[in-house]
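Q: Please take a close look at one residue of this model, and then set its surroundings in the context of the whole fold. Which details of the architecture deserve attention along the way?

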Amino acid sequence: MQTLKLGIIGVGNIAPAYIRGCAPFDVIKIVACADILTERAQAFASEHGIAAYSVDDLLAREDIDIVVNLTIPAAHAEISLKIIAAGKHAYCEKPLAINRADGERVIKAAAAAGLRMGCAPDTFLGGGLQTARKAIDDGLIGRPIAATAFFMAHGPESWHPNPGIFYQEGAGPLFDMGPYYLTALVNLMGPVARVAASARRTFPERIATSEALMGQRLPVEVNTHVAGTLEFESGAIASVITSFDVWGHQLPNMEIHGEDASMSVGDPNHFHGVNQILKSRTSEWVNIPHSHTTTIGRGAGVADMAYAIQSGRPHRVSGELAFHVLDIMCALEESAAQGRRIELGSTVEQPLALPAGLADGELDF
Ligand SMILES: NC(=O)c1ccc[n+]([C@@H]2O[C@H](COP(=O)([O-])OP(=O)(O)OC[C@H]3O[C@@H](n4cnc5c(N)ncnc54)[C@H](O)[C@@H]3O)[C@@H](O)[C@H]2O)c1
């Protein structure tokens, strides 16, 4: 197995998590970075012992195999298309793009060039969601018939260094947090056939309360509370809420209800949540021990893609999966705007489940 070299474009808040998360995998090595802010790229490079370039110079470096796109959502499609045009495999943070047309352009460009396109989130590779997947695949809850998925908070303006992007097109609670929940649901229950939703934009502007930006006004361009229903191709039905309007709640992150049992699933924004099962005609929730590794983190999806490039198998955290999730999110917004159910144009196969018992730092060929 060869070690593939990685470059990162966009070294903001999430970039250090990729440095940490990619480090355990021998199959990948981050060697370079770039940012529209040259000084930021230089500071990040010297902190992490890698090289800093302009975006074009990074893409011109011949020995880089995969470029990880950690720019803001509005720049995702443009930067991913540049990476592909430079002949490199691309892996993008979520969402794949901020609209279907751009998302489609990206996955078609990668396919036409014979390159891999991967897209976060990769949290479903973690021990929590792989254990939940195995429980369903092994028939522990019977055929899934319903699910709930709730992300509700009061927005990131109290902690994020650049919170304005969360209220611009391509973000909001649905496009920012929805990918974790929707990707997890598709991994567990397969593709979605149609959706319906209601949505609102509660506050016309937000006020940053982080120390650095205290008092800064952030215009709101997106819906900040989206409540929807997903009908899966299997016939199962999920109720989903994403909100930046809610101060607190006591709802579970995610539950999957089967014909024979109910399963409470750990937070899909994290890798190693704990799942519980309640069997029919019992009243006790029981922990399901992790069947899968609990040592991987953000970047595992890039490592999985590096194995897949070398073995020829499909990569799990794929552009096609991200496009289906983007299609679901666009359809939820359209349903809310138009007051009708929306049939999805896309479908996708469930990603391959990870094998249990993988050694630390290793994935499968
Ligand atoms: N911050 C988090 O906790 C978090 C968690 C998971 C995923 N993400 C995702 O990661 C992505 C980045 O988020 P972030 O929080 O790091 O944002 P950020 O604003 O902190 O960082 C983005 C970086 O990209 C750079 N950039 C923007 N446009 C560019 C362009 N055209 N070319 C080159 N560089 C460009 C910016 O200068 C900045 O350094 C988003 O898609 C977000 O959804 C963030």
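A: Serine 335 counts as buried, because 21 other C-beta atoms lie within 10 Å and the threshold for burial is 20 or more. The model is predicted, and the description below should be read as such. Serine 335 belongs to helix 9, which covers residues 319–338. Apart from neighbours within four places in sequence, the contacts of serine 335 are Val195, Ala196, Ala197, Arg340, Arg341 and Ile342. Val195, Ala196 and Ala197 fall within strand 8 (192–200), and Ile342 falls within strand 17 (342–343). Arginine 194, 141 residues away from serine 335 along the chain, has its C-alpha atom 9.9 Å from that of serine 335.

These contacts lead to a sheet. Strands 8 and 17 belong to an open sheet of 9 strands with mixed pairing, ordered 16-15-14-13-7-12-11-8-17. Strand 17 and strand 16 (286–288) are its edges; each has a single partner strand, so one side of each is left without a neighbour in the sheet. Further along the order, strand 7 (residues 144–152) pairs with strand 13 (residues 254–258) through 5 bridges, in the antiparallel sense. Within that pair, alanine 147 is placed opposite isoleucine 256 of strand 13.

Two helices lie across parts of this sheet. Helix 7 (residues 172–189) lies across strand 7, strand 8, strand 11 (225–232), strand 12 (237–243) and strand 13, and runs at about 160° to strand 7. Helix 6 (residues 127–137) lies across strand 7, strand 13, strand 14 (261–265), strand 15 (275–279) and strand 16, running at about 25° to strand 15. Strand 7 and strand 13 are thus crossed by helix 6 and also by helix 7.

Two loops between strands of this sheet also merit comment. Phenylalanine 271 lies in the loop that separates strand 14 from strand 15. Phenylalanine 271 is buried, because 26 C-beta neighbours lie inside 10 Å. Its contacts beyond four places in sequence are Thr123, Gly126, Gly127, Gly128, Ile296 and Gly297. The C-alpha atoms of phenylalanine 271 and aspartate 122 are 8.3 Å apart, although 149 residues separate the two in sequence. Arginine 281, in the loop between strand 15 and strand 16, is exposed, with 7 other C-beta atoms within 10 Å. Its phi is near 60°, which is positive in a residue other than glycine. Most residues other than glycine have a negative phi.

The domain assignment gives a wider frame. The chain is divided into domain 1 (4–123 + 297–316) and domain 2 (127–288). The C-alpha centres of the two domains are 25 Å apart, and 11 residues of domain 1 are in contact with 17 residues of domain 2. The side of domain 1 that touches domain 2 comprises 6 nonpolar, 4 polar and 1 charged residues. Phenylalanine 271 of domain 2 touches Thr123 and Gly297, both of which fall within the bounds of domain 1.

A second open sheet has 6 strands, paired in parallel in the order 3-2-1-4-5-6. Strand 3 (51–53) and strand 6 (117–119) form its edges, each paired on one side only, and the twist averages 25° from one strand to the next. Strand 1 (residues 4–9) runs parallel to strand 2 and is joined to it by 6 bridges, with isoleucine 9 opposite alanine 34 of strand 2. Of the 7 residues of strand 2 (residues 28–34), 5 are buried, so strand 2 is largely enclosed by the rest of the structure. Towards the other edge, strand 5 (residues 89–92) and strand 6 run parallel and share 3 bridges; tyrosine 91 has glycine 118 as its bridge partner in strand 6.

Two cis peptide bonds follow these strands. One joins lysine 94 and proline 95, with omega about -10°; proline 95 sits in the loop between strand 5 and helix 5 (100–113). Another joins alanine 120 and proline 121, with omega about 5°; proline 121 is in the loop between strand 6 and helix 6.

Finally, the ligand lies between domain 1 and domain 2, because both give residues to the shell around it. Among the 23 residues around the ligand, Gly10, Gly12, Asn13, Ile14 and Glu93 come nearest. Helix 4 (residues 73–85) gives the most to this shell, with 3 residues. The shell consists of 13 nonpolar, 5 polar and 5 charged residues.

Key:
Residues numbered from 1 in each chain as written. Predicted model: local features only at pLDDT ≥ 70, side-chain atom pairs only at ≥ 80, totals over all residues. Pairing = 2+ DSSP bridges. Helix = DSSP H or I, 4+ residues; strand = E, 2+ residues; numbered from the N terminus. Contact = placed C-beta atoms within 7 Å. Axes fitted to C-alpha atoms, helices over the stretch in contact; angles between N-to-C directions. Buried ≥ 20, exposed ≤ 12 C-beta atoms within 10 Å, placed from the backbone. Near = placed C-beta within 6 Å. Nonpolar A, V, L, I, M, F, W, Y, C, P; charged D, E, K, R; others polar. Domains from an automatic or database assignment.
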